[in-house]
Amino acid sequence: EMSFCVASTCSGARAGALQVAKGAALRTPALLLYTRRGAPPSMTMETLAEVEGVDEAAINVCLPEVYHLTSASTSKGEVDLQKMYHTAAQASPVFLSMRNPVGHTTGLPVMEDGMHVAGPRGHFQVKLGEYADYIRQQSPSYFQLMSDDISVRAASKRCRKAVKRSVEWARTIKEKLGSDVFEQRAFATLTGATHDGEVRRCAAEMAELNPAGFVIGSVGIDETDEQQDELVANAVAVLPEDKPRLAYGCFSPRKIIELAMKGIDMFDSTYTARLTSFGIALTFDPEGKQGYEKNLTDLTLDKYRKDMSPIKEGCQCYTCKGFSRAYLFHMFTTHELLGGTLLDIHNAHTFLLFFKALRRSIDDGSINEFSARISERWEEYAAVDDSDNKTTPVLLSRGATASYESARASTADGADKPILGKRPTASWAVRALESAFAKKAR
């Protein structure tokens, strides 16, 4: 039987365990490793399995990304979801989500019996009955219920409709799957945006259905920091204490600590995926004990062209033990896919160590000191998003744009600016391969 229990608390943060099948347990605060079309963006599942600490994380699978591979309604429906992720998830749960944390699309058509989602082959409709059949067929460890997820800018009337529709969908899925599956595996999405009354109504009606956990809706889409804090506060205030809470979003370690202290138990690794796509490495101390020069290091800067030191001194990951900053610089400037793989290994290793340290700080009651050490010198780094061949500055921990000059002004060495223009990232090569495969398929 799957269950969740809180073992210790400190300053609002909760350390516990989410029991999974076969006696395994996922310790919280937990990390859901982001995957795209069957694997992490820059790694295979076999490579991911070699990263230290991966067995303490869950595998996040976005339904729109894998539906065409695993659905019984397609010619490739014989692919088994659990087997696809078995290598890295032998003792970790597979969490099936309805949204892509990196490229979530709002404003898609919503019907009374289903919704449209955005996948690699465009937008397509998923009906309630089809989704229930998919859950029965693939049997993920946990799954997110279909919901009418809305933006924080939605009007009150739209919020009321979203809450009503989401609750009705949850009831329908429970009827189709049965109480046992629903109450042990389903995560209900708490919608209602920043309208406190609608959030409370959604929480109360969803709680009556007794799902296994909750996903905080509207977070990580297009909200400001203030709206995000309001969304989380409104949700946590009305949710049951004995259920895990999940929030999707591109959260930096500093923000993760803040949200954990507000009662969030599960997060996804969108942040490291975004860092890797820009050629940026996590170089902070995940234990928060040692000093460090910078929390983030842009390996595409020209000053690393001849730097033979590892990404981070003392790091025990595969990349740091065998490759230099100069090698990574070369990989990114020549658009080699191996650059993204090596950097993703390092970033995943560091992020997993950070979550382990976060759990330990809650257990021993030192999360306030841990938060102070991590936040003391943390600087949100600005990089250039050129996905549309434009030099649009973006803040890595947010989806909103930010001033490149103002973001750089706060760094220790403002003169070290990456060359503006086309950024040499692994995602460029991935997009080229995808385009070639699409043309071949046509």
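This report describes strand pairing, internal cavities and selected residues in a predicted model.

## The N-terminal strands

The chain opens with an antiparallel arrangement. Strand β1, residues 4-10, is joined to β2 by six bridges, and the two strands run antiparallel. Within this pair, Cys5 stands opposite Ala17 in β2. β1 and β2 make up a hairpin with two residues between them. One residue of the turn, Ser11, has a positive phi of about 55°.

Strand β2, residues 13-19, also pairs with β3, again in the antiparallel sense, and this pairing extends over four bridges. Here Gln19 is the residue that stands opposite Ala25 in β3. The two faces of β3, which spans residues 25-28, can be told apart by their cover. Leu26 and Thr28 form the covered face, whereas Ala25 and Arg27 form the uncovered one. Ala25 thus appears both in the pairing with Gln19 and on the uncovered face of β3.

## The cis peptide bond after β3

The peptide bond that leads from Thr28 to Pro29 is cis, with omega near 0°. Thr28 belongs to the covered face of β3, and Pro29 is located in the loop between β3 and β4.

## The closed barrel

Eight strands form a closed barrel in the order β4-β5-β6-β10-β11-β12-β13-β14, with parallel pairing. Neighbouring strands of this sheet are turned against each other by 25° on average, direction ignored. In general, the strands of a sheet pair through backbone hydrogen bonds, in either a parallel or an antiparallel manner.

One pairing of the barrel links strand β13, residues 245-247, with strand β14, residues 266-268. These two strands run parallel and are joined by two bridges. Leu246 stands opposite Met266 in β14.

Another barrel strand, β6, covers residues 94-97 and contains Phe95. Phe95 counts as buried because its relative accessibility is 2%, below the 20% cut-off. The C-alpha atoms of Phe95 and Asn60 are separated by 4.9 Å, although the two residues are 35 apart along the chain.

## The largest cavity

How many cavities of 30 Å³ or more does the model contain? The count comes to four. The largest cavity holds about 120 Å³ of space. Its lining consists of 13 residues, of which Leu33, Tyr34, Ser269, Thr272 and Asp344 are the closest to its centre. The elements that contribute two or more residues to this lining are β4 (30-34), α10 (270-277) and α13 (337-363).

By class, the lining of the largest cavity comprises 10 nonpolar, two polar and one charged residues. Both domain 1 (4-276) and domain 2 (279-376) supply residues to this lining, with at least three drawn from each.

## Residues around β7 and β8

Glu112 is placed in the loop between β7 (110-111) and β8. Is Glu112 buried or exposed? Glu112 is exposed, because its relative accessible area is 56%, above the 50% cut-off. Between Glu112 and Leu128, which are 16 residues apart in sequence, the C-alpha to C-alpha distance is 9.2 Å.

Ala118 lies within strand β8 itself, which covers residues 114-119. With a relative accessible area of 26%, Ala118 is partly exposed. Ala118 and Met98 are 20 residues apart in sequence, and their C-alpha atoms are 9.9 Å apart in space.

## Positive phi in two further loops

Ser139 has a positive phi of about 50°, although it is not a glycine. Ser139 is located in the loop between α4 (128-138) and β10 (142-144). Its relative accessible area is 30%, so Ser139 is classed as partly exposed.

Asn210 likewise is not a glycine and has a positive phi, of about 60°. The loop that holds Asn210 lies between α7 (196-209) and β12 (213-216). Asn210 is also partly exposed, at a relative accessible area of 31%.

Definitions and conventions. Residues are numbered from 1 along each chain as its sequence is written. This is a predicted model: local features need pLDDT of at least 70, side-chain atom pairs count only at pLDDT 80 or more; totals for chains, interfaces and linings use all residues. Side-chain values use heavy atoms; hydrogens and water are left out. Buried means under 20% relative accessible area, exposed over 50%, partly exposed in between (1.4 Å probe, protein chains only). Two strands pair if DSSP finds at least two bridges between them. Axes are lines fitted to C-alpha atoms, for helices over the stretch in contact, and angles run from 0 to 180 degrees between N-to-C directions. On a 1 Å grid over the protein atoms alone, a cavity is a set of points where a 1.4 Å probe fits but cannot get out, and a pocket is an open set with protein on both sides within 12 Å along at least five of seven lines; lining residues have an atom within 4 Å of a point. Grid points are joined across faces, edges and corners, and a volume is the space filled by probe spheres set on the points. Ala, Val, Leu, Ile, Met, Phe, Trp, Tyr, Cys and Pro count as nonpolar, Asp, Glu, Lys and Arg as charged, and the others, Gly among them, as polar. Domain bounds come from an automatic or database domain assignment.
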